[in-house]
Amino acid sequence: MFFRLNDRILFRQYTEFGYLTDNSMFGYRFLNEDNLSVREKYISESGSVMLGMLSRTPQDLDSIVRKLIKVFTDVDYETLRQDTLEFFIYLASEGYLCCGESSEACNSFGHGSYNFASAVSEDYISEPYNFLRSIHVETTTLCNERCLHCYIPHGYKNKLIDPLLLYKILEEGRAMNIINVTFSGGEPMMHPEFLSFLRRSRELDLSVNVLTNLTLLTREIIAEMANNPMLSVQTSLYSMNADVHDSITQLRGSFEKTKSAVLKLLSQGIHLQISCPIMKHNKDSFSSVIEWAGANNIPAAVNHVIFASYDNSNTNLVNRLSIDDLSVVIDKQISADYVSSLRETAREKYLLTGDSPICSVFRYYLCVSADGDVFPCAGWQSKKVGNLRTQTIREIWEEASEVRYLRQIKRRDFPKCVSCEDRGYCTVCMMVNANENSGDIFRISDFHCRAAAMTRAKINSYGCNYHQGCSRE
Ligand SMILES: C[S@@+](CC[C@H](N)C(=O)[O-])C[C@H]1O[C@@H](n2cnc3c(N)ncnc32)[C@H](O)[C@@H]1O
Ligand code: SF4
Ligand code: SF4
């Protein structure tokens with residue numbers, strides 16, 4: 001039997017565990033790829049040693065076991081061979097590995113999963129760990145659009161990252177075994193070295209996610225993107241009505257450019273997702289984006305949360321939906337599927353306790369600005385915790401006092417939220433609080449509580465013949 005790592009899977013070996021993932025943890029897949037039901041798996045130390053023997057080229061089982069027997073010295077060859085076979089077959093059945101009776105069969109395995117139900121010894125699977133796996137880089141604040149809601153103040157759209165700093169970040173991150181890099185902006189394609197950034201990331205075997213308005217897409221960029229099976233694109237489309245989209249981006253013709261670029265990427269099989277924040281300007285036509293995306297087999301995420309720009313001016317919030325607008329927007333989306341998905345998320349949130357972390361701050365990723373400043377997430381640039389021109393990623397991740405402080409904040413630090421009956425329909429976010437309330441991470445604007453209460457009431461009364469305010473869970 002021959003085995004190799006699936007082309008769309010990354011494996012990283014850490015001291016105590018291993019981690020297998022496809023790009024869906026960082027990027028997106030097509031809607032009709034449900035058969036590729038992998039996402040992530042934590043592997044035990046011994047399972048990681050076994051997987052560490054694999055590459056993207058097929059190897060026969062016995063040549064792998066001959067290497068392993070030098071590591072696992074207290075087990076006999078046949079037992080080790082059987083354990084390795086069962087473990088690898090199990091991972092192939094889940095889509096992480098490719099296998100076949102010959103090297104050719106293994107190579108032509110494709111991206112599906114091996115149709116062979118197999119249980120695996122718990123010895124090889126591990127509990128989840130928190131570790132740095134992704135770095136979000138704002139390659140430039142320059143942008144050719146001037147979106148009304150943008151969290152980057154327009155006056156700050158004037159910086160480009162030094163390419164040498166970017167390469168240093170990629171190499172240092174890779175040496176720490178990170179998995180993903182996200183390139184965002186501003187508009188990342190405004191950076192003259194953007195193509196080289198993509199190439200270097202591929203050479204370093206990093207999964208890549210690009211957040212872009214796609215208006216500046218070139219043939220060379222498409223070719224490089226198509227060359228990397230671990231790359232995906234997230235683009236912003238606000239309405240299928242060109243006037244509405246362009247009125248948000250404040251760039252005439254941007255709708256046609258973005259739409260046609262989406263279709264080009266699609267024709268090249270490049271994974272993409274559409275992001276459609278809902279605000280006053282597109283509240284009557286955002287549904288057209290969901291329909292168009294669905295018809296083209298593209299995942300689309302709509303979200304009404306518009307957070308304040310990071311200069312604490314709140315000026316962009318004039319575009320945010322009012323509670324009445326939001327009520328209409330929820331009514332437009334309401335369906336059995338929508339309700340059951342919100343109820344499912346709510347069920348998980350109701351299980352959180354005061355000891356649960358408030359969010360994923362500094363547990364999995366960090367963000368870097370074009371100046372090398374490190375901050376917790378893309379919209380929170382007022383919270384600088386270090387700078388990568390003078391410090392290493394490891395120093396900041398492991399030692400920065402602000403990183404340690406933010407990491408230990410728990411839900412109990414928000415006493416009003418711990419037992420709030422609307423908490424299932426709310427995402428408490430320190431960045432949202434800080435940006436909107438002069439840097440105060442603990443102060444929650446009334447708007448978010450009213451939005452959560454209204455959403456819960458609507459979801460609870462869906463399919464209910466009683467009155468609107470019914471509190472049935
Ligand atoms: C800052 S942009 C950068 C990438 C690229 N320029 C684009 O627009 O896709 C990334 C995403 O953030 C969204 N975004 C910008 N400002 C926002 C805000 N205040 N609240 C919520 N989402 C916002 C954009 O709509 C876009 O989908
Ligand atoms: S949302 Fe993206 S495209 Fe729009 S102004 Fe901001 S950075 Fe530019
Ligand atoms: S609705 Fe308000 S009080 Fe309740 S969990 Fe959300 S932010 Fe906290």
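This short talk walks through a predicted model of a protein chain with two ligands.

Confidence comes first. The mean pLDDT of the protein chain is 92. In the chain, 93% of the residues reach 70 or more. One stretch needs care. Over residues 466-471, the pLDDT is below 50. Beyond near neighbours in sequence, that stretch has 7 contacts in the model.

Now the start of the chain. Look for an open sheet of 3 strands. The order is E5-E1-E6, and the pairing is antiparallel. Which strands stand at the edges? Strand E5, residues 59-60, and strand E6, residues 97-100. Each has a single partner strand, so one side of each is left without a neighbour in the sheet. A word on sheets in general: strands pair through backbone hydrogen bonds, either parallel or antiparallel.

Here, strand E1 covers residues 2-5. How many bridges join E1 to E6? There are 4, and the two strands run antiparallel. For one pair to find on screen, take Arg-4, which stands opposite Cys-98 in E6. Helix H3, residues 77-93, packs on this sheet. H3 touches E1 and E6. The direction of H3 makes about 115 degrees with that of E6.

Next, two helices. Helix H6 spans residues 194-203, and helix H7 spans residues 219-226. They pack at an angle of about 10 degrees, with their axes 10 Å apart. Angles under 35 degrees count as roughly parallel, so H6 is roughly parallel to H7. Who meets whom? From H6 come Leu-195, Leu-198 and Arg-199. From H7 come Glu-220, Ile-221, Glu-224 and Met-225. The residues of this contact divide into 4 nonpolar, no polar and 3 charged.

On to ligand 1. How many residues surround ligand 1? The count is 17. The closest are Tyr-151, Leu-211, Ser-236, Ser-275 and Ile-306. Strands matter for finding this shell. E8 (180-185), E9 (207-212), E10 (231-236) and E11 (271-277) each supply at least two of its residues. By type, the shell divides into 7 nonpolar, 9 polar and 1 charged.

Last stop, ligand 2. Which residues are around ligand 2? Among them are three cysteines to pick out: Cys-143, Cys-147 and Cys-150. Glu-145, Arg-146 and Ile-152 are there too. Further along the chain come Gly-185, Gly-186 and Glu-187. Asn-213 and Thr-249 complete the list. This shell divides into 4 nonpolar, 4 polar and 3 charged.

Definitions and conventions. Residues numbered from 1 in each chain as written. Chains lettered and ligands numbered in written order. Predicted model: local features only at pLDDT ≥ 70, side-chain atom pairs only at ≥ 80, totals over all residues. Near = placed C-beta within 6 Å. Nonpolar A, V, L, I, M, F, W, Y, C, P; charged D, E, K, R; others polar. Axes fitted to C-alpha atoms, helices over the stretch in contact; angles between N-to-C directions. Parallel < 35°, antiparallel > 145°, perpendicular 65-115°, else oblique. Contact = placed C-beta atoms within 7 Å. Pairing = 2+ DSSP bridges. pLDDT = per-residue confidence, 0-100.
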